[in-house]
Amino acid sequence: MRITFLGTGTSQGIPVIGCDCEVCLSDNPKDKRLRCAAFIQEGDTSLLIDSGPDIRIQLLRERIRRINGVLLTHEHYDHTGGLDDLRPFIFMQNQPMQVYAQADVLRILQIKYDYAFGAGSYPGAPKFRLTEVSSGIPFNVHQSNIVPWRVFHGDLGILGYKFGNKLMYITDASELPDETIEECKGISCLVINALHHRPHHAHFTLEQTLKTIDVLHPKSSYIIHMSHHMGLHNTLSASLPPTVHFAYDSLSLDL
């Protein structure tokens, strides 16, 4: 299995428009963060986790040529705003794009992308095949066995995705239920969010994320969904425990 981090930034991306802080002005490519998404390869199966507004440039940058399905964590624009940009894959593969999400997210997609559904959709519109998934219930996409698990993003219940004992992908979390914590303990690779250092109603701070990692005790952890207030990649990386890392755009890991 391989994971490629397509984007590791928060909803505004980095650099932030109009900002002249040291992170936004940094020349280090690791400080340039597009909106969060990931590409998972397992055997002949290729999956996206989320499809935000930067997805077109992310897919071009990584030269991705095939996608078997999209796993959506939740409905927010920075995670779903690029679904229409998947049209070339729909055309090349000559079939609707499989989209997996919880029921409330699927309902919102049918409103947001109403032109993609129903008999009256115009020629050239994207076609999606929507599949409902629920926390704790496994499902398969070709060779990949996946289990969604509940995550809380403030008051909003969203999903993280677990791939066997190899990978757990969590974004936008501010709390993990006990059941999710138990399922994640000892995972080989944990991907988890940390917004910055100040308390936030809907996202872990770095301190909270590090405490969560201590509880889950994965073999390695990669932090995503960071704002420019987090600080410079190289400076902060030096302060992390040996098995904890800040992910960055285009980083690929073989698991």
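Is His-225 buried or exposed? Keep that question in mind while you orient yourself in this predicted model, since the tour comes back to His-225 at its last stop.

Begin with the whole protein chain on screen, where the secondary structure amounts to seven helices and 14 strands. With a radius of gyration of 17 Å, close to the 18 Å that the globule rule gives for 255 residues, the protein chain is as compact as a globular protein of that length. Turned along its principal axes, the set of C-alpha atoms fills a box of roughly 55 × 40 × 35 Å, and 55% of the 255 residues count as buried. If you display contacts between residues at least 6 apart in sequence, 63% of them join residues at least 24 apart. Switching to a surface view brings up an accessible area of about 11400 Å², of which 50% belongs to carbon and sulfur atoms.

Next, select the strands from E7 to E13, which form an open sheet of seven strands in the order E7-E8-E9-E10-E11-E12-E13, with mixed pairing. Strand E7 (139–141) and strand E13 stand at the edges with a single partner strand each, so one side of each is left without a neighbour in the sheet. Looking across the sheet, you can follow a twist that averages 30 degrees from one strand to the next. Within this sheet, zoom in on E9 (residues 156–163) and E10 (residues 167–169), an antiparallel pair joined by three bridges, and find Phe-163 standing opposite Leu-167 of E10.

Now add helix H6, residues 206–216, which lies across E11, E12 and E13 and runs at about 155 degrees to E11. Show the side chains of Leu-206, Thr-209, Thr-212, Ile-213 and Leu-216, which are buried. Viewed down the axis of H6, these buried residues fall within an arc of 120 degrees, so they line one face of the helix. Their cover includes helix H5 (178–184) together with strands E11 (189–193), E12 (220–224) and E13 (244–246). Rotate to the face of H6 turned away from the buried side, and you will find the exposed residues Glu-207, Lys-211 and Asp-214. Just after the helix, His-217 takes a positive phi of about 50 degrees.

Move from there to the loop between strand E1 (2–7) and strand E2 (37–42), where Cys-19 has its place. Cys-19 counts as partly exposed, at 24% relative accessibility, and, leaving aside residues up to four places away in sequence, Cys-19 touches Cys-24, Leu-25 and His-228. A distance drawn from the C-alpha of Cys-19 to that of Asp-254 spans 35 Å, between residues that are 235 apart in sequence. The loop between E1 and E2 also holds Pro-15, and the peptide bond leading from Ile-14 to Pro-15 is cis, with omega near 5 degrees.

For the last stops, select Asp-172 in the loop between E10 and H5, where its backbone has a positive phi of about 60 degrees although the residue is not a glycine. Asp-172 counts as buried, at 2% relative accessibility. Finally, go to His-225, in the loop between E12 and helix H7 (233–237), whose phi is near 60 degrees, a positive value in a residue other than glycine. The opening question is settled here: at 1% relative accessibility, His-225 counts as buried.

How values were computed: Residues numbered from 1 in each chain as written. Predicted model: local features only at pLDDT ≥ 70, side-chain atom pairs only at ≥ 80, totals over all residues. Heavy atoms only, no water. Buried < 20%, exposed > 50% of the residue type's maximum accessible area, 1.4 Å probe, protein only. Helix = DSSP H or I, 4+ residues; strand = E, 2+ residues; numbered from the N terminus. Arc of directions from axis to C-beta. Contact = heavy atoms within 4.5 Å. Pairing = 2+ DSSP bridges. Axes fitted to C-alpha atoms, helices over the stretch in contact; angles between N-to-C directions. Rg over C-alpha atoms; globule rule 2.2 N^0.38 Å. Areas by Shrake-Rupley, 256 points an atom, 1.4 Å probe, with all protein chains shown as cover.
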